[in-house]
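Thanks for passing this one along. Here are my notes as numbered points, to be read with the structure open beside you.

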Amino acid sequence: MTIGKRSKLTLTTPLEGKLTIVQMYARNIHTKYALIDILELEKSQFTFESSLILPTDNEIIYGFELIVANRKFHCEGCIDLVSKNKDIYLYKAAVQPNDYVEFELLYEINQLATLHNKEFARITKSYEADRYYDDVVVNYIC
């Protein structure tokens, strides 16, 4: 799986996720899960951060559980290291959800995007420049 550049939803608040290793060098294994914070989301890839140093070999398949709008989505895929900042590692995961999960995940991403746009509009509306000048009255006496 390769990771390409596409339009993505950058989240203002990270989503919860769980990560496990499900296959390593063609052998099925199941590890305990680690918690991850998902920062950017798409239907077939997402960016997450973790304090763990994770192997990024293409022969290692990870299992992901995403929690979007209180719904759990399960998918599998590979990861690439994007950057390291102190003790936090930023990874990009390329996943292959089945058709049903992909459709449902796209729906939830669209709902999140709408919610984020409304929240952004509400916040920026409170910073309109005209509001500040309406309250200020200057009286010049010559």
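1. A charge over a ring makes a good starting place: Lys 18 lies over the face of Tyr 33, at 4.3 Å from the ring centre. The rule asks for NZ of Lys or CZ of Arg within 6 Å of the ring centre and within 35 degrees of the ring normal.

2. Please keep in mind that this is a predicted model, where local features need pLDDT of at least 70 and side-chain atom pairs count only at pLDDT 80 or more, while totals for chains, interfaces and linings use all residues. Residues are numbered from 1 along each chain as its sequence is written, and side-chain values use heavy atoms, with hydrogens and water left out.

3. On confidence, pLDDT (the predictor's confidence in each residue, from 0 to 100) averages 76 over the protein, and 68% of the residues score at least 70. The mean is lowest in helix 2 (residues 129-134), at 51, and highest in strand 2, at 94. Over residues 1-5 the pLDDT stays under 50, and the model has 12 contacts beyond four places in sequence for them. Contact here means heavy atoms within 4.5 Å.

4. As for the overall layout, the protein has two helices and seven strands, running β-β-β-β-β-β-β-α-α from the N terminus on. These are DSSP runs, numbered from the N terminus: helices are H or I with at least four residues, strands E with at least two. Of the contacts between residues at least 6 apart in sequence, 58% join residues at least 24 apart.

5. Now the interior. Of the 142 residues, 34% count as buried, meaning under 20% relative accessible area, with exposed over 50% and partly exposed in between (1.4 Å probe, protein chains only). A nonpolar core is a set of buried Ala, Val, Leu, Ile, Met, Phe, Trp, Tyr and Cys residues joined through side-chain atoms within 4.5 Å. The largest one holds 27 residues, and those touching the most other members are Ile 38, Leu 41, Phe 46, Phe 48, Phe 64 and Leu 66. Two or more residues come from each of strand 1, strand 3 (34-41), strand 4 (45-50), strand 5, strand 6 (71-85), strand 7 (88-95) and helix 1 (99-125).

6. Phe 64 deserves a closer look. It sits in strand 5, is buried at 2% relative accessible area, and belongs to one aromatic cluster with Phe 46, Phe 48, Tyr 62, Tyr 89 and Tyr 91. Six aromatic pairs are counted in total, taking rings of Phe, Tyr and Trp (its six-membered ring) with centres within 6.5 Å; planes under 30 degrees apart are stacked, over 60 edge-to-face and the rest tilted.

7. Next along the strand, which residues does Glu 65 touch? Beyond its neighbours within four places in sequence, Glu 65 is in contact with Glu 16, Gly 17, Lys 18, Lys 72, Phe 73 and His 74. Glu 65 lies in strand 5 (residues 60-68) and is buried at 14%.

8. Phe 64 and Cys 75 are 11 residues apart in sequence and 5.4 Å apart in space, C-alpha to C-alpha. Cys 75 is buried at 8%, and Cys 78 is buried at 6%. The disulfide count is zero, with a pair of cysteine sulfur atoms within 2.5 Å as the criterion.

9. Finally, please check the backbone in the loop between strand 1 (9-24) and strand 2 (27-28), where Tyr 25 lies. Phi of Tyr 25 is positive, near 50°, and Tyr 25 is partly exposed at 47%. Ala 26, in the loop between strand 1 and strand 2, has a positive phi of about 65° and is exposed at 65%. Most residues other than glycine have a negative phi.
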